[in-house]
Amino acid sequence: MSIAKKILVLFLLINTTVGCSIGPITASQRFKARKQPPFSLLASRPTAFVGQHVLLGGIIQRCTTQGGESLILIIQKPLDQATDQPIVKTPSKGKFYFWYKGKIDPKVYSTGKMITVTGKVVSPFKMKLDTSSLLIIEGEEFFLWPKESLPSYASKIPTRSILENIWEPVGFEPWATGWGEGWW
């Protein structure tokens, strides 16, 4: 085998192993949660899955911190398979709590932000909560997704694909950059 073929095979091997997961959650946590049951089953019988590693995400409804521990109520949303980002436009199948042994700033982790979490399902009685029907995840890793910073006019422009914006890309304003009349 020539050197060029070896380099190509090595490049393809590295690209496929690294390219499979581009999400913020580590590969070890993804591996632990590989046999995760569907959220509807987890939510309907949380005590049956105590100790199960899961990878979930959604939109933060409430975040509280007390005594060095934090509790986040999350509205569940399905995750994108490639990036682990919650898909906001899909319907939710319920809510769950994310319990973290550490301080989380409620101002940063505020209502309406997207989050992806991993951890183990714990018994609701361990948390001393009134609602034993909600799923509680003891946090191991979590990632707060940044809000998309699109200009206000970009949401008003209907775009169906990237190819439609080749001639006039969203945000292209030559008059704002100084490319006005007579720049050529």
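Two strands pair if DSSP finds at least two bridges between them. Helices (H or I, at least four residues) and strands (E, at least two) are DSSP runs, numbered from the N terminus. The model shown is predicted: local features need pLDDT of at least 70, side-chain atom pairs count only at pLDDT 80 or more, and totals for chains, interfaces and linings use all residues. Residue numbers start from 1 along each chain as its sequence is written, and side-chain values use heavy atoms, with hydrogens and water left out.

**View 1. Strand β5 and its partners β3 and β4.**
β4 and β5 run antiparallel and share seven bridges. Within this pairing, Ile115 has Leu144 of β5 as its bridge partner. On β3, the arrangement with β5 is parallel, with four bridges. Here Tyr97 is matched with Ile136 in β5. Seven of the ten β5 residues are buried (under 20% relative accessible area, 1.4 Å probe, protein chains only). The strand is therefore largely enclosed by the rest of the structure.

**View 2. Salt bridge between Arg30 and Asp84.**
Side chains of opposite charge can pair when their charged atoms come close. A salt bridge is counted when a side-chain nitrogen of Lys or Arg lies within 4 Å of a carboxyl oxygen of Asp or Glu. The whole structure holds three. In this one, the closest N and O atoms of Arg30 and Asp84 are 2.5 Å apart. The pair links distant parts of the chain, 54 residues apart: Arg30 sits in helix α2 (residues 27-32), Asp84 in the loop between β2 (69-76) and β3 (95-100). Asp84 is buried, at 2% relative accessible area. Arg30, at 22%, is partly exposed, a class that lies between buried and exposed (over 50%).

**View 3. Salt bridge between Glu140 and Lys32.**
The side chains of Glu140 and Lys32 meet at 3.8 Å, N to O. Glu140 belongs to strand β5 (residues 135-144) and Lys32 to helix α2, so this pair links distant parts of the chain, 108 residues apart. Glu140 is partly exposed at 31% relative accessibility. Lys32 is also partly exposed, at 39%.

**View 4. Salt bridge between Lys101 and Glu138.**
The closest N and O atoms of Lys101 and Glu138 are 3.1 Å apart. Lys101 lies in the loop between β3 and β4 (114-121), and Glu138 lies in strand β5, so the salt bridge ties together parts 37 residues apart in sequence. Lys101 is exposed, with a relative accessible area of 53%. Glu138 is buried, at 15%.
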